[in-house]
Amino acid sequence: MKTIYLILSICCTLLANGANKQDANGWYFITDSRTNAFDPSPIVTVADFEMIRIDSLLNPENTMTYVLTGKVKAGKIKTWADATEKATGKQISLLNNGKLITAPQANRKTENGNFLISHPELKKKKKKILT
């Protein structure tokens with residue numbers, strides 16, 4: 001009887017820890033674009049970023065355009081290149097604290113480790129992304 005309670009206790013603890021698991025901040029493959037479901041394994045995490053920032057510029061319509069720019073560290077450039085090649089024509093997602101920040105389409109293999117995304121919502125999400 002004590003064994004059953006012990007097994008139940010362990011199972012409940014594992015389930016609770018799994019439910020509270022926070023996904024690492026970073027880039028993920030999207031597995032279902034209708035629901036924005038993402039692969040549980042990150043492509044790269046923010047620990048793999050050499051740099052990330054949000055810049056702004058004045059566009060021809062005289063309004064500000066915001067762009068998210070970044071670069072992965074030298075040791076992750078091949079991982080990033082392989083991932084962007086695999087995702088060409090599909091979306092990948094940038095997660096922060098388990099929340100989707102942006103889900104751009106990968107247009108081609110990116111061999112230099114850089115990324116650049118332009119989106120009107122970036123201004124509102126700036127603090128979330130950079131913290």
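How much space lies in the largest pocket? The notes below start there, and they concern a predicted model.

1. **The largest pocket.** About 320 Å³ of space lies in it. Its lining is made up of 16 residues. Those closest to the centre are Asn107, Thr110, Asn114, Phe115 and Leu116.

2. **Where the lining comes from.** β8 gives the largest share of the lining, four residues. Helix α2, residues 77-86, is also a contributor: α2 and β8 each supply at least two lining residues.

3. **The sheet that holds β8.** β8 belongs to an open sheet of three strands. The order is β4-β5-β8, and the pairing is antiparallel. β4 and β8 (114-118) are the edge strands; each has a single partner strand, so one side of each lacks a neighbour in the sheet. On average, neighbouring strands here are turned by 15 degrees against each other, direction ignored.

4. **The β4 and β5 pair.** β4 covers residues 49-58 and β5 covers 64-72. The two strands run antiparallel and are joined by nine bridges. Two opposite pairs help to fix the register when you look at the model. Ile52 stands opposite Gly70 in β5. Ser56 stands opposite Tyr66, also in β5.

5. **Ile54.** This residue sits in strand β4. Is Ile54 buried or exposed? Its relative accessibility is 9%, and the cut-off for buried is under 20%, so Ile54 counts as buried. Ile54 and Ile117 are 63 residues apart along the chain. Their C-alpha atoms are separated by 9.3 Å.

6. **Asn59 in the hairpin loop.** Asn59 lies in the loop between β4 and β5. Despite the loop position, Asn59 is buried, with a relative accessible area of 15%. Which residues does Asn59 contact, leaving aside its neighbours within four places in sequence? They are Met64 and Thr65. With Thr65 there is a polar contact of 2.8 Å, side chain to side chain.

7. **Asn62 in the loop between β4 and β5.** Asn62 shares this loop. The hairpin has five residues between its strands. Asn62 is exposed, at 60% relative accessibility, because the cut-off for that class is over 50%. Its phi is positive, near 65 degrees, in a residue other than glycine. That deserves a look, because most residues other than glycine have a negative phi.

8. **Asn36, another positive phi.** Asn36 is found in the loop between β1 (26-32) and β2 (37-38). Its phi is near 60 degrees, again a positive value in a residue other than glycine. Where does Asn36 fall in terms of exposure? Asn36 is partly exposed, at a relative accessible area of 30%. That class runs between the 20% and 50% cut-offs.

9. **Reading the parts together.** β8 takes part in two of the features above. β8 supplies four residues of the pocket lining, and β8 is an edge strand of the sheet. At the other edge stands β4, the strand that carries Ile54. The loop after β4 holds both Asn59 and Asn62. Asn59 is buried, whereas Asn62 is exposed.

Definitions and conventions: Residues numbered from 1 in each chain as written. Predicted model: local features only at pLDDT ≥ 70, side-chain atom pairs only at ≥ 80, totals over all residues. Heavy atoms only, no water. Buried < 20%, exposed > 50% of the residue type's maximum accessible area, 1.4 Å probe, protein only. Polar contact = N/O pair within 3.5 Å; in protein donor to acceptor, adjacent residues only side chain to side chain. Contact = heavy atoms within 4.5 Å. Pairing = 2+ DSSP bridges. Axes fitted to C-alpha atoms, helices over the stretch in contact; angles between N-to-C directions. 1 Å grid on protein atoms, 1.4 Å probe; cavity = no way out; pocket = protein on both sides within 12 Å on 5 of 7 lines; lining within 4 Å. Points joined across faces, edges and corners; volume = space filled by probe spheres on them.
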